[in-house]
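I opened this notebook to keep track of what I looked up in the model, one topic at a time. The entries follow the order in which I went through it.

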Amino acid sequence: LSHGSPEKEKTLAMIKPDGLFGNYTDEIKRVILHSGFSILKEMSIQLNEVNVRLFYAEHSKKSFFPSLVKYMTSGPVFVMILEKVNAIADWRALIGPTDASKAKVTHPDSIRAICGLDLERNCVHGSDSPQSAAREISFFFGDTLSSVGTWFGEPD
Ligand code: RTP
Ligand code: MG
């Protein structure tokens, strides 16, 4: 048990509305696969206000929250379950810092530096802990959204 290969981990990755509008989906998926992640599931979905309030509940008291809800409902998002060893930290490292405008200076090779714009419109999301990953994966691929979301369909 203790001498086996390291455990694979799953994380929830999302391409936000600005990423879809900018046609970055294929490029981002190429980076994901090139970086050793497997994409276990994926789908496109238009989130509504209720969905975003739930998904980003930890930020509900922040001053930027109304703006975040507006941004995240401005168009469809593309969500994926990524898997590899150390997936959660590695995906966060690959996307770069929250503020895409700063990322362009400090982390020019990060995904947010390449496809993001500023502190809000940063193109992608990644779970920040094992607990968040479990919650967010079941949010999208469990039954949380089945009654309220507008589905754009799943591949296979
Ligand atoms: P995410 O949850 O989307 O992966 O981003 P993160 O962990 O890097 O940043 P977080 O603090 O969780 O913020 C969630 C999202 O809210 C927007 N935001 N706006 N105007 C602002 O001050 C502000 N701060 C954050 C961003 O879209 C951020 O990704
Ligand atoms: Mg976050």
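Entry 1, contacts. Before listing neighbours, I note that two residues count as in contact if their C-beta atoms, placed from the backbone, lie within 7 Å. With that cut-off I looked up Val 124, and, leaving aside residues up to four places away in sequence, I found that Val 124 touches Ala 13, Met 14, Ile 15, Lys 16, Gly 19, Ile 28, Ile 95, Ile 111 and Arg 112.

Entry 2, confidence. I am working with a predicted model, so I checked its scores before going further: the protein averages a pLDDT of 93, and 90% of the residues score at least 70. For the complex, the predictor gives an ipTM of 0.97 and a pTM of 0.92.

Entry 3, the core. I then asked which residues have the most contacts inside the largest nonpolar core. That core has 30 residues, and the ones I was after are Met 14, Ile 15 and Val 124. I listed the elements that each supply at least two residues of this core, and they are β1 (8–15), α4 (65–72), β3 (77–85), α5 (87–95), α6 (100–106), α7 (111–115) and α8 (130–141). The element that gives the most to this core is β3, with six residues.

Entry 4, helix α5. I looked up the buried residues of α5 and noted Ala 87, Ile 88, Trp 91, Leu 94 and Ile 95. They lie on the same side of α5, because they cover an arc of only 135° around the axis. I also looked up what covers these buried residues, and the cover includes β1, β3, α7, β4 (124–126) and α8. Just after α5, I found Gly 96 with a positive phi of about 90°.

Entry 5, positive phi outside glycine. I kept in mind that most residues other than glycine have a negative phi. Asn 86 is not a glycine, yet its phi is positive, at about 60°, and I located Asn 86 in the loop between β3 and α5. Is Asn 86 buried or partly exposed? I have it down as partly exposed, because it has 14 C-beta neighbours inside 10 Å, whereas a buried residue needs 20 or more. Cys 123, also a residue other than glycine, has a positive phi near 75°, and I placed Cys 123 in the loop between α7 and β4. Cys 123 counts as buried, because it has 26 C-beta neighbours inside 10 Å.

Entry 6, Ala 13. I found Ala 13 in strand β1, where it is buried, with 27 other C-beta atoms within 10 Å. Apart from residues up to four places away in sequence, Ala 13 touches Met 80, Leu 82, Trp 91, Val 124, His 125 and Gly 126. I also noted that Ala 13 and Glu 42, which are 29 residues apart in sequence, are 9.3 Å apart in space from C-alpha to C-alpha.

Entry 7, Gly 19. This residue lies in helix α1 (residues 17–21), and I recorded Gly 19 as buried because it has 25 C-beta neighbours inside 10 Å. Its contacts, not counting residues up to four places away in sequence, are Tyr 24, Thr 25, Ile 28, Cys 115, Cys 123 and Val 124. The C-alpha atoms of Gly 19 and Leu 117 are separated by 9.9 Å, although the two residues are 98 residues apart along the chain.

Entry 8, Ser 35. I located Ser 35 in the loop between α2 (25–34) and β2 (38–46), and with 13 other C-beta atoms within 10 Å it is partly exposed. Ser 35 and Leu 94 are 59 residues apart in sequence, and I read 8.8 Å between their C-alpha atoms.

Entry 9, ligand 1. Which residues surround ligand 1? I listed His 59, Phe 64, Leu 68, Thr 98, Leu 119, Glu 120, Asn 122, His 125, Gly 126 and Asp 128. When I sorted the residues of this shell by character, they divided into three nonpolar, five polar and two charged.

Technical notes. Residues numbered from 1 in each chain as written. Chains lettered and ligands numbered in written order. Predicted model: local features only at pLDDT ≥ 70, side-chain atom pairs only at ≥ 80, totals over all residues. Core = buried A, V, L, I, M, F, W, Y, C linked by C-beta atoms within 7 Å. Buried ≥ 20, exposed ≤ 12 C-beta atoms within 10 Å, placed from the backbone. Arc of directions from axis to C-beta. Near = placed C-beta within 6 Å. Nonpolar A, V, L, I, M, F, W, Y, C, P; charged D, E, K, R; others polar. pLDDT = per-residue confidence, 0-100.
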